[in-house]
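Me: I am new to this structure and would like a close look at a single part of it. Please take the strands that pair with one another, and whatever they help to cover, in one connected account.

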Amino acid sequence: MIAPEISLVTSADGLEALGPDWERCLVRSAGASIFVSFEWMRAWWRHYAQGRALRVAVARTNGSVTGILPLYLGTAPLAPGVPARVLRLLGCGSDTSPD
């Protein structure tokens, strides 16, 4: 078995470029829903990116995308007045609560 090559997408342009590969992965996914679609994630990022850093892990095997882990780096209170850096799934947080 060939180990996948992992890369990190950190820009809106990089996220945009993942669209076709994202949709190909979604079609093969047993857990596909609108909330994991490229359109949902892209729209969510456009509205909620402020103060957050995009961190989408992309797995490729033989040059083909075989997996996408959409994350962002944000902050959450560790204690009153003490923020902690946290990785969260793209599409979660702020005023949204997708399934």
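Reply: A strand here is a DSSP run of E with at least two residues, and strands are numbered from the N terminus. The model is predicted. With that in mind, start at β3, which covers residues 64–79. β3 and β4 make a hairpin with two residues between them. In its turn, G81 has a positive phi of about 80°. β4 spans residues 82–89 and runs antiparallel to β3, with eight bridges joining the two. One pair of bridge partners is A79 and V82, the latter in β4.

β3 also pairs with β2, residues 53–61. This pair is antiparallel too, and nine bridges join the strands. L54, for instance, has Y72 of β3 as its bridge partner. Again there is a hairpin with two residues between the strands, and here N62 takes a positive phi near 55°.

β2 and β3 also matter to the account of helix α3, since what covers the buried residues of α3 includes these two strands, along with α1 (12–17) and α2 (19–28). Helix α3 runs over residues 38–48, and its buried residues are F38, M41, W44, W45 and Y48. Seen down the axis of α3, these buried residues fall within an arc of 135°, so they line one face of the helix. In general, an α-helix has 3.6 residues a turn, so residues three or four places apart point the same way. On the other side of α3, R46 and H47 are exposed.

Terms used:
Residues are numbered from 1 along each chain as its sequence is written. This is a predicted model: local features need pLDDT of at least 70, side-chain atom pairs count only at pLDDT 80 or more; totals for chains, interfaces and linings use all residues. Side-chain values use heavy atoms; hydrogens and water are left out. Two strands pair if DSSP finds at least two bridges between them. Helices (H or I, at least four residues) and strands (E, at least two) are DSSP runs, numbered from the N terminus. Buried means under 20% relative accessible area, exposed over 50%, partly exposed in between (1.4 Å probe, protein chains only). The arc is that of the directions from the helix axis to the C-beta atoms. Contact means heavy atoms within 4.5 Å.
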